[in-house]
Amino acid sequence: MTEAQPPRIVQFGWDNSKVRWCDRPNVAAARIVAYDDQDRTPRERAKMLRRLGLRHIVWDWRDEHAVQFDAELDALRNEGVSLTGIWAPHPLPDAGEPDHDARLGFINPHVRQFVVESARRGLSPDLWTVVEFGTADGVALHPAAELARVWRAADHVEPLARLAQDHGLCVLLTNHLGFFGEPRNLAALVEALAERGLRNVGIAYQQQHGHAHIADFETHLAAMMPHLVAIALNGMDPDAVETGRTILPYGSGRADRKLAHILGASGWHGQLAVQGHSRDDAELRLQDSLDGLAWVVDRQDGKRHRRPVPRIAAPAFPTSVTMASGRTTPEPIHREAVSMQAPDPYSAATHALLKHLEAVGFRGAPRSFGWDAQGRHLVEWVNGIRADHPQAPDAALDPERIGAFMRDMHDALASFVPPAGVEWFQGLPGPGTEMIIHQDISPSNIVVAPDGRLVAIDWDAAAPGTRLWDLAHAAHAFAPLARGGLDAASAADRLRRFADGYGLTEAQRAELLPLLAARSERMYEYLDAMRITGESPWIELWERGVGTVWKSDAQWIRENEPHWRGALMVA
């Protein structure tokens, strides 16, 4: 099959400018019309985009918005915002539905109106077209059946693609779920249409419908690459479908940086879109994802700073509910009580550890409920606010309180006897193995529960170590002991309060001193060892200087050792 691409080059930025394809002026806003709980008018929406520094929009709509299309275009023009795309659903009629053949190729009248009016105004937005909504539990097809489904879909999409072609527009096929939720099948459909002379068809990949693609994203990206024009960004957790966290601000997903590394390594430069895909204030949702995008790009560039905390930590997903009045309204999701975590080598060890903490009455860790039939580890979802959230109470970052919390945690861990044969994380070995420790106590891994108690989450790096080795990492995070953070005197005062809260003896304080720099050096050594594997994201992290940052922190800690000694040692 031939490689089909839209017959125009996507242009971003301006001559002699330093604005990159991934910078805000070149990013589009999407899903901000039908989902916005502020129900903005076209003029208010255009002004919002200008206020945010966004110059492009992929316009979505419902029937009530279609009659405002002219007003939308006028408002966008007045604010200098480009109509980059239009949501143009074109679902393939199911072969089992009545009159399915008669409806094959039928174009929504609103979409036809949008195409004609856009062309009349000299605009050329892409038509973001979903061919199949589908479900996540699709059935595998025989190759012959797959081919037949692709060609039937081509019959259905061809009239829309020809309409777009006649008016100088392109069609971008978007993934949802089902058969055409798979990138290779979208690529096959693009190529089938190319064989019919339609080279104005490409792909707009929607991350929120690609959680099943995370593990093999390189393969899926390669399938799309010849045709990939745009990517709609979303925060991506590997277990998002199981936990219900499928719609997240970009940058807040655990897999976001991994996927960004893969995308960056591929050399792809196209249209990015941030989304307001939840029933919340669209402006806040866009700000959250723009902040997340800037953070991901900075980390790609080797600039080290904390992950931004979303303004809307739990977006309300718009599930449709029909009211007694007949009006359909969105209903926010509710967080599940259990997080289903994909199996990893440490699941059995983590389960035993969390069960022990529950048994001894320690309430500062989530509970473990074992495994489901698919082998997923069931861990309690801890409701609350992360310690690094701007709205978290001041006490959440109080070093004395953190020290006291870690003392209680270590006392509870001290009686734990690990079961034989389980595997622990081995990446950051310390100077001893007296007990199992958390190893990653930091503001992003501390949750303040509704009743005010602190809860340590993310125990996947737990491993044999010592109390002081655990404290050395926490001190780096909570003092903090980092070059470019607080001045040494202020950090030393917080370090003293941290040690006081834990109740360290004079001997323990003396032993902790050399571990402060050693713990940062161990992070440098870990990244150095991992980059030798040549695997992503380790090689990219190393090339962007992340290892150097940890080494620099260790050096700064050593340079300021008198401050730490003065803070820790009793006069």
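## Notebook: helix pairs, a barrel and a few odd residues

**Entry 1, helix 9 and helix 10.** I started with this pair and found that helix 9 and helix 10 make a right-handed crossing. A reminder to myself before going on: this is a predicted model. I noted the spans as residues 256-266 for helix 9 and residues 282-300 for helix 10. The two pack at an angle of about 60°, and their axes are 10 Å apart. With that angle, helix 9 is oblique to helix 10. I jotted down both values because two packed helices are described by the angle between their axes and the distance between those axes.

Which residues of helix 9 meet helix 10? I get R257, A260, H261 and G264 on the helix 9 side. Their counterparts in helix 10 are W295, V296, R299 and Q300. By class, the contact of helix 9 with helix 10 splits into three nonpolar, three polar and two charged residues.

**Entry 2, helix 15 and helix 17.** Next I pulled up helix 15 (residues 506-531) and helix 17 (residues 546-559). Their axes come within 8 Å and cross at roughly 165°. Since angles over 145 degrees count as roughly antiparallel, helix 15 gets that label relative to helix 17. I also checked the handedness, and the crossing of helix 15 and helix 17 is left-handed.

I listed the contact from both sides. Helix 15 brings L516, A517, A518, S520, E521, M523, Y524 and L527. Helix 17 meets them with V546, G547, T548, W550, K551, D553, A554, I557 and R558. That contact has ten nonpolar, three polar and four charged residues.

**Entry 3, the barrel.** I then traced the eight strands of a closed barrel, in the order 1-2-3-4-5-6-7-8, with parallel pairing. From one strand to the next, the twist averages 25°. On the outside of my sketch I added helix 6 (residues 183-194), which packs on the sheet. It touches strand 5 (171-174) and strand 6 (201-206), and the direction of helix 6 makes about 165° with that of strand 6.

I zoomed in on one strand pair of the barrel. Strand 1 and strand 2 run parallel and are joined by three bridges. A28 has H56 in strand 2 as its bridge partner, and A29 stands opposite I57 in strand 2.

Are the two faces of strand 2 covered or open? I found both covered along residues 56-59. H56 and V58 are buried on one side, and I57 and W59 are buried on the other. I wrote next to this that in a regular strand the side chains alternate between the two faces of the sheet.

**Entry 4, the open sheet.** Away from the barrel entry, I looked up three strands that form an open sheet in the order 14-16-17, with antiparallel pairing. Strand 14 (385-386) and strand 17 (454-456) are the edge strands, each pairing on one side only. Strand 14 pairs with strand 16 (residues 446-448) over two bridges. I looked up R386 too, and its bridge partner in strand 16 is V447.

Which helix lies across strand 16 and strand 17? I have helix 12 (residues 399-413) down for that, running at about 60° to strand 17.

**Entry 5, odd backbone spots.** I went through the loops for unusual geometry.

- A479 and P480 are joined by a cis peptide bond, with omega of about -15°. I placed P480 in the loop between helix 13 (467-478) and helix 14 (488-502).
- D39 has a phi near 45°, a positive value in a residue that is not glycine. I found D39 in the loop between strand 1 (28-30) and helix 1 (42-52).
- Q439 is not a glycine either, and has a positive phi of about 80°. I located Q439 in the loop between strand 15 (435-437) and strand 16.

Are D39 and Q439 buried or exposed? I checked each in turn. D39 has a relative accessible area of 49%, so it is partly exposed. Q439 comes out at 4% relative accessibility and therefore counts as buried; the cut-off I used for buried is under 20%.

**Entry 6, whole-chain numbers.** To finish, I noted the totals. The protein chain has 18 helices and 18 strands. Of its 571 residues, 53% are buried. I also looked at contacts with a separation of 6 or more, and residues 24 or more positions apart account for 77% of them in the protein chain.

Notes: Residues numbered from 1 in each chain as written. Predicted model: local features only at pLDDT ≥ 70, side-chain atom pairs only at ≥ 80, totals over all residues. Heavy atoms only, no water. Pairing = 2+ DSSP bridges. Contact = heavy atoms within 4.5 Å. Axes fitted to C-alpha atoms, helices over the stretch in contact; angles between N-to-C directions. Parallel < 35°, antiparallel > 145°, perpendicular 65-115°, else oblique. Left-handed = near helix turned anticlockwise from the far one by under 90°. Nonpolar A, V, L, I, M, F, W, Y, C, P; charged D, E, K, R; others polar. Buried < 20%, exposed > 50% of the residue type's maximum accessible area, 1.4 Å probe, protein only.
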